[in-house]
Amino acid sequence: MSAYTLVIGNKNYSSWSLRPWLLMRHAQLAFQEVRIPLYTPESKQQLRHYSPSSKVPCLLDGSLTIWDSLAISEYLAERHPDLQLWPAEISQRAFARSMCAEMHAGFTHLRSNMSMNCRGRFPGRGRTVEVAGEIDRIQRLWSECRERHGQSGPFLFGAFTIADAMYAPVILRFRTYEVQLNPVCRAYADTILALPAMQQWLTEALAETEVIAALEPQPA
Ligand SMILES: N[C@@H](CCC(=O)N[C@@H](CS)C(=O)NCC(=O)O)C(=O)O
């Protein structure tokens with residue numbers, strides 16, 4: 001039995017769940033998975049049972065419960081310093097934390113107009129002016145990271161860090177809504193999509209049968 005239990009939502013839809021799940025799988029941290037299908041009559045009660053915020057993801061470590069994807073990531077980085085889940089160098093770490101905070105609290109237009117849906121294909125849907133501006137901002141962030149750290153590996157800061165996990169759901173949104181990326185960002189997105197852990201998430205998302213009507217885009 002592994003020490004950790006990670007409670008997540010539907011793999012097709014739950015972008016916040018993907019972040020710590022990918023981080024832990026890619027870092028080969030063992031965990032039990034509890035999957036709660038969201039927005040069913042039983043969901044709220046099941047969420048309340050595990051999570052103080054009644055939201056997923058949440059991580060159980062013995063008697064300790066940690067909720068919120070960013071708090072879970074920070075906790076894992078402290079618990080496993082050997083894994084270097086944040087960049088080792090302080091200015092890189094500050095940049096990584098800034099861009100994770102920006103993702104965590106921002107990109108609201110992208111989030112609401114292009115919700116994560118691994119099974120779906122909605123080319124061009126949801127592309128408001130504000131969404132286009134947020135896509136542009138993400139590409140500028142990734143391009144800057146790749147320009148600075150391309151020499152030390154294929155991820156945003158060379159080696160895989162929390163920043164890659166935090167931006168992974170956006171890569172799935174770009175796939176579903178078929179967003180054209182510049183060559184540097186395309187190569188980075190393809191690197192993330194090819195990770196065995198990401199492929200596992202996608203396979204399991206595609207095997208899910210629940211449809212959450214409220215999270216499906218309205219017909220154009
Ligand atoms: N800031 C939180 C957001 C968590 C969140 O909104 N989770 C959604 C699923 S993606 C949820 O649990 N929704 C269920 C509900 O609100 O009933 C995090 O990063 O973990």
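## Exercises on a four-stranded sheet

Asp 61 stands opposite Leu 64 in E4, and that pair is a handy place to start. The model is predicted: local features need pLDDT of at least 70, side-chain atom pairs count only at pLDDT 80 or more, and totals for chains, interfaces and linings use all residues. Residue numbers start from 1 along each chain, as its sequence is written.

**Exercise 1. Find how E3 and E4 are joined, and which residue in the turn has a positive phi.**

Step 1: E3 and E4 run antiparallel, joined by four bridges. Strands here are DSSP runs (E, at least two residues), as are helices (H or I, at least four), and both are numbered from the N terminus. Two strands count as paired if DSSP finds at least two bridges between them.

Step 2: Look between the two strands. They form a hairpin with two residues between them, and Gly 62 in the turn has a positive phi of about 60°.

**Exercise 2. Follow E1 to its partners, and say which residues pair with Thr 5.**

Step 1: Strand E1 covers residues 4-8, and four of its five residues are buried. Buried means 20 or more other C-beta atoms within 10 Å of the residue's own, exposed means 12 or fewer, and partly exposed lies in between, with C-beta atoms placed from the backbone.

Step 2: E1 runs parallel to E2 (residues 31-35), with five bridges joining them. Thr 5 has Gln 32 as its bridge partner in E2.

Step 3: With E3 (residues 58-61), E1 pairs in the antiparallel sense over four bridges. There, Leu 60 is the bridge partner of Thr 5, while Leu 59 is that of Leu 6.

**Exercise 3. Put the strands in order and explain why E2 and E4 each have one side without a neighbour in the sheet.**

Step 1: The open sheet has four strands in the order E2-E1-E3-E4, with mixed pairing.

Step 2: E2 and E4 (64-67) stand at the edges with a single partner strand each, so one side of each is left without a neighbour in the sheet.

Step 3: From one strand to the next, the twist averages 20°.

Step 4: Now add H1, which packs on the sheet, touches E1, E2 and E3, and points at about 150° to the direction of E1. Contact means C-beta atoms, placed from the backbone, within 7 Å. Angles run from 0 to 180 degrees between N-to-C directions, with axes fitted to C-alpha atoms, for helices over the stretch in contact.

**Exercise 4. Work out which helix gives the most to the shell around the ligand.**

Step 1: The residues surrounding the ligand include Gly 9, Trp 16, Lys 55 and Asp 68; the cut-off is a C-beta atom, placed from the backbone, within 6 Å.

Step 2: H1 and H3 each supply at least two shell residues. H1 gives the most, with three.

**Exercise 5. Is Gln 84 buried, partly exposed or exposed?**

Step 1: Gln 84 lies in the loop between H3 and helix H4 (90-105).

Step 2: Gln 84 counts as partly exposed because it has 15 C-beta neighbours inside 10 Å.

Key: Contact = placed C-beta atoms within 7 Å.
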